[in-house]
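Open the model in your viewer and keep the selection tool ready. This tour goes from one stop to the next.

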Amino acid sequence: MKKSSKKNVDIFVILFIALSLLIANMAMASADDAESKVKQVFEQIESSLTNLKTTNQFTKSNIRDELNKSLLPEVNIKFFSSKVLSKNLQKVPEELREEFSTELSKQLINTYSNMLSKYDNEKITIGQGSLSKSGKIAMVNVTIVGESATNKAVVKLLKSNEDVWQFFDIVVEGISLLDSKQAEINSSFNKLGAEGTLQRIKELNIRSINAS
């Protein structure tokens with residue numbers, strides 16, 4: 001009887017170890033998928049920027065066009081918008097929520113266009129990725145090496161219901177783009193309310209396009 005009990009315990013231990021290894025392998029594969037997505041998108045962006053420079057077409061307008069093609073489709077705009085709006089989401093009338101998402105996505109691309117307009121052939125290297133405890137969020141390290149400086153960044157991605165990794169934030173030298181936008185929106189809502197904030201975002205987007 002004792003031998004049987006010991007045998008059962010051994011089987012449970014083996015099953016537990018096997019299950020743990022399986023989960024670890026699944027997590028590693030999932031993190032690898034997130035790394036691959038970041039590498040694919042950044043390589044495309046880097047190639048586009050290099051091409052614009054070599055053809056003397058390196059303008060904010062052209063950078064924006066490239067980002068709309070290569071980056072925007074990979075961003076989870078709904079999640080990004082809801083996180084940016086945060087507690088203010090409940091203050092936005094239902095009929096304005098889609099318009100907020102549209103304008104915030106434009107502002108996101110305009111912000112990246114401004115950042116990348118300073119691109120000077122820096123080398124972008126994709127590092128290791130890690131997962132949150134839930135496995136739904138991935139953080140992928142990025143190193144940007146230039147002639148005079150090296151910057152560290154972390155790209156954050158959310159796994160969709162279709163198991164596709166989508167971008168929602170980038171943290172450069174400890175500063176989160178999403179958190180910065182959230183602070184701006186909070187301040188604007190306190191002063192202007194929902195409709196006033198939406199109008200302000202529209203005006204800023206138009207100003208960015210006209211300045212290209």
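Select Ile-45, Ser-48, Leu-49, Ile-63, Glu-66, Leu-67, Ser-70 and Leu-116: these residues line the second largest cavity. The model is predicted. Two elements each give two or more residues to this lining, helix 1 and helix 2 (60-70). Colour helix 2 for a start, as it gives the most, with 4 residues. By class, the lining holds 5 nonpolar, 2 polar and 1 charged residues. The space inside has a volume of about 30 Å³.

Stay with one of the lining residues, Ser-48. Ser-48 sits in helix 1 (residues 2-54). Is Ser-48 buried or exposed? Its relative accessible area is 13%, so Ser-48 counts as buried, the cut-off being under 20%. Now show the side chain of Ser-48. It reaches the backbone oxygen of Gln-44, at 2.9 Å.

Next, select Lys-53 and Phe-58. Lys-53 lies over the face of the Phe-58 ring, at 4.5 Å from the ring centre.

How many cavities of 30 Å³ or more does a search of the whole structure find? The search finds 2. You have seen the second largest; now go to the largest, with a volume of about 60 Å³. Select Leu-71, Val-75, Phe-80, Leu-108, Tyr-112, Phe-167, Phe-168, Asp-169, Ile-170 and Leu-177 to show its lining. Helix 4 (94-116) and strand 4 are the elements that give two or more residues here. Which element gives the largest share of this lining? Strand 4 does, with 4 residues. The lining of the largest cavity divides into 9 nonpolar residues, no polar ones and 1 charged.

Keep Phe-168, one of the residues in that lining, and add Phe-79. The structure has 3 aromatic pairs in total. Phe-79 and Phe-168 form one of these pairs, and it is edge-to-face. The ring centres are 5.0 Å apart, with 85° between the planes. Where in the chain do the two residues of this pair lie? Phe-79 is in helix 3 (residues 77-85) and Phe-168 is in strand 4 (residues 165-172). They are 89 residues apart, so the pair links distant parts of the chain.

Finish by checking how much of each partner is accessible. Phe-168 has 10% relative accessibility and counts as buried. Phe-79 has 21%, and therefore counts as partly exposed.

Key. Residues are numbered from 1 along each chain as its sequence is written. This is a predicted model: local features need pLDDT of at least 70, side-chain atom pairs count only at pLDDT 80 or more; totals for chains, interfaces and linings use all residues. Side-chain values use heavy atoms; hydrogens and water are left out. Rings of Phe, Tyr and Trp (its six-membered ring) pair if their centres lie within 6.5 Å; planes under 30 degrees apart count as stacked, over 60 as edge-to-face and the rest as tilted. Buried means under 20% relative accessible area, exposed over 50%, partly exposed in between (1.4 Å probe, protein chains only). A charge sits over a ring if NZ of Lys or CZ of Arg is within 6 Å of the ring centre and within 35 degrees of the ring normal. A polar contact is a pair of N or O atoms within 3.5 Å; within protein, one must be able to donate a hydrogen and the other to accept it, and residues adjacent in sequence count only if both atoms are side-chain atoms. On a 1 Å grid over the protein atoms alone, a cavity is a set of points where a 1.4 Å probe fits but cannot get out, and a pocket is an open set with protein on both sides within 12 Å along at least five of seven lines; lining residues have an atom within 4 Å of a point. Grid points are joined across faces, edges and corners, and a volume is the space filled by probe spheres set on the points. Ala, Val, Leu, Ile, Met, Phe, Trp, Tyr, Cys and Pro count as nonpolar, Asp, Glu, Lys and Arg as charged, and the others, Gly among them, as polar.
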